[in-house]
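Student: Please give me a close look at the largest pocket. Then take me on to the helix packing.

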Amino acid sequence: MQSEAKEYGIFPDEEEILKKTDELAELLCQTDGYRRYKKHLAALKEEPEVYQQLNEFRLKNMELQLDKDEHYYEKAEELYSQYKNILMESVVMDFLTSEQRICKLMRKVYDRIALTVDLDISYMD
């Protein structure tokens, strides 16, 4: 007797799920929020020095968050102070605001999927 996994692959409806995922991704790309994000990103990239400095800040900020250092708040304050001028530029603020909005929408989508697809993750407690 052939197992179900061998017969159908891991997920029998995988093709349909991926098709619906592509449709959802396209729908997200058609939102005003995503169009604003792309517009602000393009404007930011028109200022290569500002874009490069922002990316430096973002990388350092991510590393700091992942480091879990006991002096996190002091280091974060120092980092923000170091990049304060770049973070106050309107092109940067517009970009970060639009990026945050689209990320919040995507997080809501992920959260709905995670709440609906009931996986046993009790081992993480």
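Tutor: Thirteen residues are not equal here: of the 13 that line the largest pocket, Thr-21, Leu-24, Val-109, Tyr-110 and Ile-113 lie nearest its centre. A pocket is an open set of points on a 1 Å grid over the protein atoms alone where a 1.4 Å probe fits, with protein on both sides within 12 Å along at least five of seven lines; lining residues have an atom within 4 Å of a point. This is a predicted model, with residues numbered from 1 along each chain; local features need pLDDT of at least 70, side-chain atom pairs need 80 or more, and totals for chains, interfaces and linings use all residues. Side-chain values use heavy atoms, without hydrogens or water.

The pocket's volume is about 310 Å³. Two elements, α2 (14–29) and α7, each give two or more residues to the lining. Helix α2 supplies the largest share, 6 residues. The lining has 12 nonpolar residues, 1 polar and no charged. (Nonpolar: Ala, Val, Leu, Ile, Met, Phe, Trp, Tyr, Cys, Pro; charged: Asp, Glu, Lys, Arg; polar: the others.)

Now follow α7 away from the pocket. Helix α7 spans residues 90–116, and its axis comes within 11 Å of the axis of α4, residues 48–67. The two axes cross at roughly 50°. The pair is therefore oblique. (Under 35 degrees is roughly parallel, over 145 roughly antiparallel, 65 to 115 roughly perpendicular, the rest oblique.) From α4, Val-50, Leu-54 and Arg-58 reach Val-91, Val-92, Phe-95, Leu-96 and Glu-99 of α7. Contact means heavy atoms within 4.5 Å. This contact counts 6 nonpolar residues, no polar and 2 charged.

Stay on α4. Its axis comes within 6 Å of that of α3 (residues 32–45), crossing at roughly 110°. Helices α3 and α4 are therefore roughly perpendicular. On the α3 side, the contact uses Leu-41, Leu-44 and Lys-45; on the α4 side, Pro-48, Val-50, Tyr-51 and Leu-54. There are 6 nonpolar residues in it, no polar and 1 charged. Val-50 and Leu-54 of α4 thus appear in this contact and also in the one with α7.

Helix α5 (residues 72–82) is the next partner of α4. The axes come within 10 Å and cross at roughly 180°. That makes the two roughly antiparallel. Phe-57, Lys-60, Asn-61, Leu-64 and Gln-65 of α4 touch Tyr-72, Lys-75, Ala-76, Leu-79, Tyr-80 and Gln-82 of α5. The class count is 6 nonpolar, 3 polar and 2 charged.

Terms used. Axes are lines fitted to C-alpha atoms, for helices over the stretch in contact, and angles run from 0 to 180 degrees between N-to-C directions. Helices (H or I, at least four residues) and strands (E, at least two) are DSSP runs, numbered from the N terminus. Grid points are joined across faces, edges and corners, and a volume is the space filled by probe spheres set on the points.
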